[in-house]
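Please open the model in your viewer and keep the selection tool at hand. The tour below goes from one stop to the next, saying what to select and what is there.

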Amino acid sequence: MFSLIKSATVYGMDSYIINVETDVSPGLPGFEMVGLLNSEVKEAKERVKVSLKNSGFVLPVAKITVNLSPANIRKNGTKYDLPIAISLLVAVGEIEQYKVDNTLLLGELGLDGELRFAEGVLPIVLKAREEGIKRVILPKANIKEASVVNDIKIYGMDNLIDVVRFLNDQCSENFKSEGFDFDEYYNNSIAKLNADFSDVCGQMELKRASMVSAAGFHNMLMIGSPGSGKSLIAKRFPSILPALSYEESLEVSKIYSIAGEIKEGESLVVERPFIAPHHTSSCQSLVGGGNIPKPGLISLAHRGVLFLDEAVHFQTNVLEALRQPLEDKYITISRSSGKFKYPADFMLLVAVNPCPCGYYPDRNKCRCSEKQINNYLSKISGPILDRIDICVSSATIEYNDLKSDGDNLSSEEMRKRIEVALLRQEYRFYESNIRFNSEMGVSDLKEYCQLDPNDEFFLEASYKKLGISARGYHKILKTARTIADLDNKDRIMKKHLAEAINYRIVRNRFW
């Protein structure tokens with residue numbers, strides 16, 4: 001007899017429906033599996049046979065052939081165990097074929113028939129809904145992750161026997177997910193951040209730059225002596241970032257699901273990611289590696305922040321690998337198995353010391369030569385610097401700042417100001433896919449960043465005097481637009497341009 005079961009696989013960021021076809025016919029006994037299978041899929045044959053036996057099902061002495069099609073897509077992972085087992089039971093008559101029509105199955109089987117947690121479930125369920133499949137049966141450990149997808153029935157099972165009884169209408173629908181309410185889940189899941197900007201003494205320029213950066217999602221570089229608060233500020237960035245929308249949360253969660261970063265019992269990622277790799281991280285860990293690469297750290301930082309502390313100590317090829325994703329907002333990885341494209345729309349946050357000892361330009365403390373300083377800072381190349389909107393120096397903290405309690409700007413106060421700018425951006429880009437000012441293209445700048453003649457003359461003079469590149473010119477306009485939004489102004493004024501240009505002047509002071 002012949003049977004057909006639907007399952008799915010994840011290949012890069014894309015999901016594909018996989019048909020598990022099984023034929024049981026008279027002939028020399030054997031169990032063959034075909035369809036461009038990885039080793040873990042080939043091993044499913046043994047897991048399925050033993051789990052069926054231990055669940056009370058007896059396979060006939062016959063020739064069994066299982067084909068996973070289409071055959072031109074490589075199959076990997078252990079999620080095919082359940083669909084293979086059910087397809088065998090349909091083929092031998094334990095389950096009727098019509099009872100598995102319009103149903104997608106996935107899950108790893110233990111030798112006792114237990115259904116175990118599977119990776120990459122969220123993109124598979126999204127694909128199933130897109131293909132018009134009515135229901136998905138998977139391990140109960142994955143039900144929270146799968147239930148975030150509306151308009152499709154999700155059933156979580158503990159073991160193979162439960163699945164067979166359910167398909168044969170021998171048990172009720174108490175395995176069904178109750179659906180998903182994003183607002184309720186967000187309110188219950190959002191972490192209470194203990195790190196607050198009020199912990200940072202003084203450093204009003206750094207706080208102001210952080211506010212501009214968060215309000216427009218601009219890349220920012222902080223340069224200053226050790227202990228001046230650069231890392232302290234970076235770690236408090238999540239406390240002022242705007243909340244993820246449901247669409248953004250689904251997008252980020254899909255990446256985390258493919259990377260295997262959503263653990264058992266978890267659902268959506270509701271907080272903007274904050275990824276801070278160590279300076280010994282390899283290029284592969286940053287962009288993604290492997291024969292069939294999984295998302296790297298820059299993709300895990302999608303819609304969030306990638307923080308490079310002591311950036312000059314990262315390998316040069318690691319820093320240079322950021323060029324393309326910073327510009328295009330995605331990363332393309334080429335392997336012999338194909339090309340893989342992962343989203344990488346992140347805010348880059350960089351912290352560096354101004355010299356090897358860290359105290360330049362204070363010549364009372366700094367003993368570094370000009371050559372040492374230049375060699376040290378040159379590890380961050382011009383093209384990378386040109387992709388950073390805001391460069392700000394951290395001042396030395398005075399003793400009185402450490403003792404002051406009343407002047408420390410808190411995260412809540414900063415967030416209220418940022419929300420004003422975010423509302424203006426939401427209204428401005430209502431009919432487009434743009435979320436933040438940093439995402440504007442050249443045509444958007446012409447429409448939303450018009451200047452008065454006097455302000456235009458001021459910008460032109462600064463452009464020529466500072467030797468700003470065309471990309472730098474666009475960065476200044478985007479930053480000035482965000483500063484004007486924080487000021488709740490419709491038009492960009494000279495003072496907004498001056499602040500945005502000052503962030504470029506700080507960069508020219510060191511590079």
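Which element gives the most to the lining of the second largest cavity? It is α22, with 3 residues, and before selecting them it helps to know how to read the model. This is a predicted model, in which local features need pLDDT of at least 70 and side-chain atom pairs count only at pLDDT 80 or more, while totals for chains, interfaces and linings use all residues. Residues are numbered from 1 along each chain as its sequence is written, and side-chain values use heavy atoms, with hydrogens and water left out.

**Stop one: the second largest cavity.** Select L221, L385, I388, D389, I390, C391, Y503, R504 and R507, which line the second largest cavity. Two elements, β16 (390–394) and α22 (494–510), each give two or more residues to this lining; helices (H or I, at least four residues) and strands (E, at least two) are DSSP runs, numbered from the N terminus. A cavity is a set of points on a 1 Å grid over the protein atoms alone where a 1.4 Å probe fits but cannot get out, and lining residues have an atom within 4 Å of a point. Its volume is about 40 Å³, and its lining divides into 6 nonpolar, no polar and 3 charged residues.

**Stop two: the largest cavity.** Now select L221, L308, A311, L319, L322, L348, V350, I380, I384 and I388, which line a cavity with a volume of about 60 Å³. By class, this lining has 10 nonpolar residues, with no polar and no charged ones.

**Stop three: the largest pocket.** A pocket is an open set of points with protein on both sides within 12 Å along at least five of seven lines, and the largest one here has a volume of about 680 Å³. Select A243, S245, E248, E426 and R435, which lie nearest its centre among the 25 lining residues. Then colour α7 (182–189), α10 (246–258) and α18 (411–428), each of which supplies at least two residues of the lining; the largest share, 7 residues, comes from α18.

**Stop four: helix α2.** Finally, select A44, R47, V48, S51 and L52, the buried residues (under 20% relative accessible area, 1.4 Å probe, protein chains only) of helix α2, residues 44–54. They lie on the same side of α2 because they cover an arc of only 125° around the axis, taken from the directions from the helix axis to the C-beta atoms. Just after the helix comes G56, whose phi is positive, near 95°.

Terms used. Points joined across faces, edges and corners; volume = space filled by probe spheres on them. Nonpolar A, V, L, I, M, F, W, Y, C, P; charged D, E, K, R; others polar. Buried < 20%, exposed > 50% of the residue type's maximum accessible area, 1.4 Å probe, protein only.
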